[in-house]
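Subject: A structure for you to look at

Hello,

I am passing on a structure that you have not met before. Please open it alongside this email and keep it in view as you read.

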Amino acid sequence: MEKKELEQAIKEVKAGDIDQFGVIIDIMQKPLFVYCYHMLGHRQEAEDAVQEVFLKAYEQIDSYRSVVSFSAWLYKIAYHHCLNLLKRARLGRIVTFWKTGIPTFSRHEGEERIDREYLNSPLHLALLKLSASERNLIILRVVEDKGYDELSILFNKKPAALRKQFERALKKCKSHMLAVEGGDDHDTISAVQ
């Protein structure tokens with residue numbers, strides 16, 4: 001039902017009915033937040049990123065073609081946006097370190113507490129140790145249940161190559177989870193598969 005509703009809303013937005021973009025937001029907001037949250041690692045940054053991604057999607061909706069699903073197209077925008085945010089944050093930390101000689105953090109105490117409480121799961125900590133492209137692949141494949149054929153269009157790679165890349169990233173993620181947990185917890189590791 002949601003897929004048909006989403007497709008209809010996209011057609012109507014392209015035809016000029018901007019109010020229908022609200023339907024797109026209603027359907028895609030939660031999964032997009034989960035994606036951005038796993039990519040960025042912070043709740044507030046993910047919320048801000050989702051708003052920016054929807055704005056970019058609205059501005060570029062005429063370029064969307066149904067060769068891939070709308071959600072895949074939206075995730076591609078989100079991936080590039082999150083990647084830019086991660087690069088900017090890394091550069092900001094380097095510049096701050098050079099200026100003062102010590103690392104500084106501008107995040108509010110309450111946000112840090114929330115992040116400590118909610119982001120300390122072994123899976124999330126393991127995902128954060130992966131590269132952005134590995135994390136992107138795992139999130140889209142596992143959390144968003146995208147098939148290799150659809151991912152091959154997004155990544156512009158062959159499905160077999162993506163499968164191998166996914167297997168390597170998953171193995172790396174499991175290794176990081178074991179290190180975080182300090183043991184062999186098959187239940188938590190199987191959640192990644």
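Below is what I found, starting with the whole chain and then moving to single places.

The overall picture

Please bear in mind that this is a predicted model. The protein has ten helices and zero strands, so its elements, read from the N terminus, run α-α-α-α-α-α-α-α-α-α. There are 193 residues in the protein, and buried ones make up 36% of them. As for contacts between residues at least 6 apart in sequence, 59% of them join residues at least 24 apart.

Where α2 meets α3

A good place to begin is the pair formed by helix α2 (residues 21-40) and helix α3 (residues 43-60). How do their axes lie? They come within 8 Å and cross at roughly 135 degrees. An angle of that kind falls outside the ranges for roughly parallel, roughly antiparallel and roughly perpendicular, and α2 and α3 are therefore oblique to each other. The crossing of α2 and α3 is right-handed.

Which residues make this contact? From α2 come Phe21, Ile24, Ile25, Met28, Gln29, Leu32, Phe33, Cys36, Tyr37 and Leu40. From α3 come Arg43, Glu45, Ala46, Glu47, Ala49, Val50, Val53, Phe54, Ala57 and Tyr58. Sorted by character, the residues of the contact are 16 nonpolar, one polar and three charged. If you trace either list along its helix, this may help: an α-helix has 3.6 residues a turn, so residues three or four places apart point the same way.

Three rings together

The structure holds eight aromatic pairs. One of them joins Phe21 and Phe54, with 6.2 Å from centre to centre and 90 degrees between the planes, an edge-to-face arrangement. This pair links distant parts of the chain, since Phe21 sits in helix α2 and Phe54 in helix α3, 33 residues apart. Are these two residues buried or exposed? Phe21 has 7% relative accessibility and counts as buried, and Phe54, at 6%, counts as buried too.

Phe21 also pairs with Tyr58: the ring centres are 5.2 Å apart and the planes stand at 75 degrees, so this pair is edge-to-face. Here too distant parts of the chain are linked, with Phe21 in helix α2 and Tyr58 in helix α3, 37 residues apart. Tyr58 has a relative accessibility of 33%, which means that it counts as partly exposed. Ring pairs thus link Phe21, Phe54 and Tyr58 into a cluster.

A histidine in α4

Next, please find His81, which has its place in helix α4 (residues 70-100). His81 has a relative accessible area of 7% and is buried. What does His81 touch, leaving aside its neighbours within four places in sequence? The contacts are Ala49, Glu52, Val53 and Lys56. Two of these names, Ala49 and Val53, will be familiar, as they are also among the α3 residues in the contact with α2.

From α8 to α9

Further along the chain is α8 (148-155), where Tyr148, Glu150, Leu151, Ser152 and Leu154 are buried. Just after α8 comes Asn156, in the loop that leads to α9 (159-181). What is unusual about the backbone of Asn156? Its phi is positive, about 60 degrees, although Asn156 is not a glycine. Asn156 is also exposed, at a relative accessible area of 70%.

In helix α9 itself you will find Gln165. At 16% relative accessibility, Gln165 counts as buried, because the limit for that word is under 20%. Apart from its neighbours within four places in sequence, Gln165 is in contact with Leu137 and Lys157.

Back towards the start

Last, take a look at Asp19, in the loop between α1 (2-14) and α2. Asp19 counts as exposed, with 63% relative accessibility. From Asp19 to Ala9 is ten residues in sequence and 9.1 Å in space, C-alpha to C-alpha.

If you have time for one view, I would suggest the ring cluster of Phe21, Phe54 and Tyr58, with the crossing of α2 and α3 around it in the picture.

Happy exploring, and best wishes

Notes:
Residues are numbered from 1 along each chain as its sequence is written. This is a predicted model: local features need pLDDT of at least 70, side-chain atom pairs count only at pLDDT 80 or more; totals for chains, interfaces and linings use all residues. Side-chain values use heavy atoms; hydrogens and water are left out. Helices (H or I, at least four residues) and strands (E, at least two) are DSSP runs, numbered from the N terminus. Buried means under 20% relative accessible area, exposed over 50%, partly exposed in between (1.4 Å probe, protein chains only). Axes are lines fitted to C-alpha atoms, for helices over the stretch in contact, and angles run from 0 to 180 degrees between N-to-C directions. Angles under 35 degrees count as roughly parallel, over 145 as roughly antiparallel, 65 to 115 as roughly perpendicular and the rest as oblique. A crossing is left-handed if the near helix is turned anticlockwise from the far one by less than a right angle, and right-handed if clockwise. Contact means heavy atoms within 4.5 Å. Ala, Val, Leu, Ile, Met, Phe, Trp, Tyr, Cys and Pro count as nonpolar, Asp, Glu, Lys and Arg as charged, and the others, Gly among them, as polar. Rings of Phe, Tyr and Trp (its six-membered ring) pair if their centres lie within 6.5 Å; planes under 30 degrees apart count as stacked, over 60 as edge-to-face and the rest as tilted.
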